[in-house]
Amino acid sequence: MTVNSQKNISMRKPKIFNNPERFIEGWYWVMPSQNLRIGEVKPVTILGRNLVVYRGQDKRVVICDAYCPHMGAHLAEGRVEGSELRCFFHHWKFNEQGICVEIPCLDEPLPIKLKTWPTDEEYGMIWIWTGETPQHRLPYIPDLAAYEFDVAFGFHFVKNCHPNVVMLNAIDAQHFNTVHQLGLDIVFDKHEYHHNAIIFTKITDPRRDFNFTKLIRAFSKHPITYSICYWYGSTNIVTLGPDFLGFHIMFALRLLAEGKTEGRTIFMMKKRRGILGRLFNKFALWLAKLVGTHFVKGDSKIFQTIRFDLKTPIKADHSIVQFINHVEKQKPLMWGTWQLARVREAEPPENLNKWRDDLTND
């Protein structure tokens, strides 16, 4: 049975999607890079885990577990020395790999290691990988992987629903015509880029009289691409426009307690050379903020009150069902502990296959 075979179908309840105790192993935003100065250490809580983040004199960012392995003092009370972090309580010192390199009352440090986590910086943001070894680079647009971007921060927000649910908004074809009244007949093409990334694309003919395309049509008569690249079910990059004016909006979300969402928007555009190029990008990023703010404002109240439960999926929900299926196939970790969640142990193989068959129409 497929989504297109009848008006509505039954769906098995997902085990990972919209689960307040689960998230996908991957890269998650921590804070804007500008919020962490050289020599500064700060406490952060990411996906239920208490951490500290600091920037050494070499400008590199280090993220480690929050509590000293000696007696549990919070390391955010300590100080940065070079590229190392010294605990305030008994002055034990740890290097950027988390190895204890000094205990003042001992001639030699003990063979103790503080847990550290992979970090990176891009798009003006500090990121953390929630597993042992990153499986790939930070979230990116596959077709633009080799380009550099100008970026501008948008809005910071908190929603009363799971990041997975907020992510659906970009591919919810029905709401484009109900909430935003765009008058678009949208059917997305889906491409599973790899295990952690899925892409939905729609190309629109700008000659048709859609309010949505009037502004962009003033600059170009070429087809307008609307594309969404999802990573880990909680970060996406929306691409809109013809190539020369195309801009990109990253929605970087992370799970909060009780299944809520904290998010950041980052507006991006391929770098251009010279003064005119920089001015053009400045204008384009302003335009991106204008469009992005308009759309998010229209949907904001929905995500403050929704209790997501897709009991009666119909043909128009096909892309949503595909996204849920994609999330269900990824590696789930448990809130707070970041340990692997064994969500399928109690699921008979025949039931698991039936669930996937119901959700797939490829």
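Tutor: Two strands pair if DSSP finds at least two bridges between them. Keep that cut-off in mind for this predicted model.

Student: Over how many bridges do β16 and strand β17 pair?

Tutor: Strand β16 covers residues 224–231, and strand β17 covers residues 235–241. The cut-off is at least two bridges. The two strands pair in the antiparallel sense, and the count of bridges is seven.

Student: Which residue in the turn between β16 and β17 has a positive phi?

Tutor: The two strands form a hairpin, with three residues between them. Trp-231 of this pair stands opposite Thr-235 in β17. In the turn, a positive phi of about 60° belongs to Tyr-232.

Student: How many residues of strand β16 are buried?

Tutor: Buried means under 20% relative accessible area. Strand β16 has eight residues and is mostly covered. The number of buried residues in β16 is seven.

Student: What share of the chain's residues count as buried?

Tutor: The same cut-off applies, under 20% relative accessible area. The chain has 362 residues. Its accessible surface comes to about 18100 Å², with 52% of that belonging to carbon and sulfur atoms. The share of residues that count as buried is 50%.

Student: Which strand gives the largest share of the largest nonpolar core?

Tutor: Nonpolar side chains tend to be buried together in soluble globular proteins. Here the largest nonpolar core has 79 residues. Those with the most contacts inside it are Trp-127, Ile-128, Ile-228, Tyr-230 and Phe-323. Seven residues, the largest share, come from residues 247–255, strand β18.

Student: How many residues does the second, separate core have?

Tutor: This core includes Val-52, Leu-75, Cys-100 and Leu-114. It is separate, and its number of residues is 18.

Student: What is the order of the open sheet of three strands?

Tutor: Strands of a sheet pair through backbone hydrogen bonds, either parallel or antiparallel. In this sheet the pairing is antiparallel. The edge strands are β2 (27–32) and β11 (119–122), and each pairs on one side only. The order is β2-β12-β11.

Student: Which residue in β12 stands opposite Trp-27?

Tutor: β2 pairs with strand β12, residues 125–129, over five bridges. Their sense is antiparallel. Opposite Trp-27 stands Trp-129.

Student: What share of the contacts in the chain with a separation of 6 or more comes from residues 24 or more positions apart?

Tutor: Take Ile-128 as an example of contacts: it touches Gly-26, Ile-63 and Trp-338, among others. For the chain, the share from residues 24 or more positions apart is 60%.

Definitions and conventions:
Residues numbered from 1 in each chain as written. Predicted model: local features only at pLDDT ≥ 70, side-chain atom pairs only at ≥ 80, totals over all residues. Heavy atoms only, no water. Helix = DSSP H or I, 4+ residues; strand = E, 2+ residues; numbered from the N terminus. Core = buried A, V, L, I, M, F, W, Y, C linked by side-chain atoms within 4.5 Å. Buried < 20%, exposed > 50% of the residue type's maximum accessible area, 1.4 Å probe, protein only. Contact = heavy atoms within 4.5 Å. Areas by Shrake-Rupley, 256 points an atom, 1.4 Å probe, with all protein chains shown as cover. Lists of a residue's contacts leave out its neighbours within four places in sequence.
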